[in-house]
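Visitor: I am new to this structure. Please take me through one part of it slowly, the place where two chains meet.

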Amino acid sequence: MRAIGIILAGGNNNRMRELSNKRAIAAMPIAGSYRAIDFALSNMANSHIQKVAVLTQYNARSLNEHLSSSKWWDFGRKQGGLFVFTPTITKENSFWYQGTADAIYQNIEFLKNSHEPYVVIASGDGVYKMDYNKVLEYHIAKRADITVVCTSIKDPAEVERFGVLRMNEDCRIEEFEEKPMVSPYNTISTGIYIIRRRQLIELIEKAAQEGRNDFVKDILIRYKNLKRIYGYKIDTFWSNISTADSYYKTNMAFLDPEIRSYFFRQEPAIKTRIDDLPPAKYNPGANVRNSLVSSGCIINGTVENSVLFKDVFVGSNCVIKNSVILNNVYLGDNTHIENCIVESRDTIRANSYYCGDKGIRIVVEEHDRYTI
Amino acid sequence: MMKKEMIAMLLAGGQGSRLGVLTEKVAKPAVAFGGKYRIIDFPLSNCINSGIDTVGVLTQYQPLRLNTHIGIGIPWDLDRNEGGVTVLPPYEKSSNSEWYTGTANAIYQNLEYMEQYHPEYVLILSGDHIYKMDYEVMLDFHKANKADVTIACMPVPMEEASRFGIMVTDDNGRIREFEEKPEHPSSNLASMGIYIFTWKALKEALVALRDQNGCDFGKHILPYCKEKGERLFAYEYNGYWKDVGTLGSYWEANMELIDIIPEFNLYEEFWRIYTKGDIIPPQYISADAVINRCLIGEGAEIYGEVHNSVIGPNVIIGKGSVIRDSIIMRNTSVGENVTMDKAIVAEDVVIGNGVTMGFGEEVPNVEKPAVYAFGIAVVGERSVIPDHVRIGKNTAISGITTPEDYPDGVLAGGQVITAKDGETA
């Protein structure tokens, strides 16, 4: 591969509600066994990108723990490797990353010291599979300055959380609007870009001189009539988890056999950190239907239409419906949980009742765990 | 000079012929156990949890699976700059090239490997037992007794003692006598096949007995050491330990993991068992599935009923199938409307639709009545079983079978089918 990778994993927003207190979105657990950043990282590894930088600043503890070794994604080679860049105080700069372009600017040496001609930029909160080589071929064929991977969305109300764009017949992007309230278009940017490394350095340095910090507003939108910015449209599964609802929906999507087969059975595989947990255990009283169950779980109750992440204990007579239970949660006996997301490492006391009536409820109890 | 206080030598070369078709293509230590593990994971995890970071694994019989599994030891943190895990197969020498002819002979042929670490103690392990043990505590016992050899032993019921190597000790634990499978045992302390040797004593004995044919620890080395008047001690161990040498004990040990709080608990935070976790996705349990008292591995998809069974990673169980009291290993797919009672199905097997396994009366097996017993139907790895056949108890199947292999669609109890492999056919 003739490219290096940059994963923008710094972000968070209040639309993740309580889930954002603990971690950056890129570290959110997905589909029982994974974390969001695994998809971008695995796609890069599977596209033979050998050198990847992860830029992060919001509560990076979970993310750092997850990335503590790069061996799971087969990085950590003599040539290349995985680099995690958090903001640091230097002689020139003592600010946090003030935007996506600024985050790249503060690590511009990483770009300058590389020799690969292209850069793949991806966000850490997308759930998808992609061969970036195909996008690169397209980028070269179109003689583009920047290629933006885009997809179309079904629900027009969702435009307000994406960059919405319109392309001409040649796929050159002519209009681009960031997070509009309403839009006549339904083609959105997935936050995956390909750009020539020298071009990126030039644009980022220029923006920094002018005090501009945002990659989308200050580079994509500002330069769209000057530079050749092209769209590469995909119709494969792509989902973004930047709100609590979309996070819930993305996890539930894995109950669909086609999506499961696409991510779990078809090559290339998505890789993640290995936790060495024992197989899931079903005790008498377990009644599990249409659910995903991860390793280390012990189940004594009813689980329906739900996703159980790793190391979840379900007590006797519990009823779990239409819910997402994050990793290492202990659910005491006789607990009822419906339409909820239960935050990780929590202990829910016996006889608790949680039901999301209007939309998804997020359960955070923060009790101490006494015994198991 | 590289220096390690204690290194481990793990004997993993045996076939384990009493496991029948399960070890036809893999060495016994590489046989799957408890859903996602392989038998060798237990001694390897014990080593790293006991602080031993240098392990030589002696292989001989069908080592491919074992080599792939161990690799450079990453899952057990045994990828080290100094030491770590080393796979030691027999090798050609300028004279006297031979296979490993016995347990002690295998160790003798790797004297050079051990010498490069200048150990003070050498731990000898076998790769076919299920247990959790802190070898460091055993080493403390060895040192406290100024022993030359310490043998881990566990008390067994007196009536079973005649199946084991029995140690007769004095009040201080010093061994006075060995009895190899005695008819009338005078003690119930059975050797677990785990030894700590002081390096000098081990080297001396191995060199002295180098011309012994089939040199074996139990038969030759230990008696030699005792004759010489060296200090041999029995270290009594009272935890869970299981020799999974027969299909019956293998089946039983797997089933014991299902108990609500099993005696051998894989779910404890302390003393974790590590394995090569190459299958990542969660398992899917369909809307029609029924699961009761089971262990199920990653990536499995269950559409039928499973009771009282251990199911490995990536296993698929089709709609309408009913599995009871069985062990199904990784990547095996079971068709629709299959009935399975008390079967052990190895890895990468394909079982057709409407198959019945384990029906009828128990009949002694015609070929190996001592191996294929316990009422279990066994299927070797990479086998294929065609649709709608019926298979009795105490049976064994290996290879790609076709309807012609089953007269009237039935494999009667006690019968064996050995069909050709996919590759050689």
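How many residues does the contact take from chain B and how many from chain A?

Guide: A word first: this is a predicted model. The contact takes 40 residues from chain B and 37 residues from chain A.

Start with the area. Chain B and chain A bury about 3000 Å² between them. Carbon and sulfur atoms carry 53% of that area. Look next for B:Tyr267, B:Ile280 and B:Pro282. These three supply 23% of the area that chain B buries against chain A. No other three residues supply more. As for the yardstick, the size of an interface is often given as the accessible area lost when the parts come together.

Now the polar side of the story. Between chain B and chain A, 2 salt bridges are counted. One of them joins the side chains of B:Glu301 and A:Arg260. The distance there is 3.2 Å, from N to O. Polar contacts across the interface come to 19 residue pairs, with both residues at pLDDT 80 or more.

Which elements of chain B take part? Strand S14 (283-285) and strand S15 (290-296) of chain B each give two or more residues to the side that touches chain A. S15(B) gives the most, with 6 residues. Sort that whole side of chain B by residue class, and it divides into 23 nonpolar, 10 polar and 7 charged.

Follow S14(B) across to the other chain. Its partner there is strand S16 of chain A, residues 291-293. The two strands pair in the antiparallel sense over 3 bridges. To find the spot, look for A:Val293, which stands opposite B:Gln283 in S14(B).

Chain A also has a sheet of its own to look at. It is an open sheet of 5 strands, in the order S15-S18-S21-S24-S27, with parallel pairing. Strand S15 (287-289) and strand S27 (353-355) of chain A are the edge strands, and each pairs on one side only. From one strand to the next, the twist averages 5 degrees.

Take one pair from that sheet. Strand S18 of chain A covers residues 302-304, and strand S21 of chain A covers residues 319-321. They pair in the parallel sense over 3 bridges. Look for A:Glu304 here: its bridge partner in S21(A) is A:Lys321.

Back to the meeting place, for one last look. Find A:Arg260 and B:Glu301 at their salt bridge, then A:Val293 and B:Gln283 on the paired strands.

Notes: Residues numbered from 1 in each chain as written. Chains lettered and ligands numbered in written order. Predicted model: local features only at pLDDT ≥ 70, side-chain atom pairs only at ≥ 80, totals over all residues. Heavy atoms only, no water. Pairing = 2+ DSSP bridges. Helix = DSSP H or I, 4+ residues; strand = E, 2+ residues; numbered from the N terminus. Axes fitted to C-alpha atoms, helices over the stretch in contact; angles between N-to-C directions. Contact = heavy atoms within 4.5 Å. Buried area = accessible area lost by both parts, 1.4 Å probe. Salt bridge = Lys/Arg side-chain N within 4 Å of Asp/Glu carboxyl O. Polar contact = N/O pair within 3.5 Å; in protein donor to acceptor, adjacent residues only side chain to side chain. Nonpolar A, V, L, I, M, F, W, Y, C, P; charged D, E, K, R; others polar.
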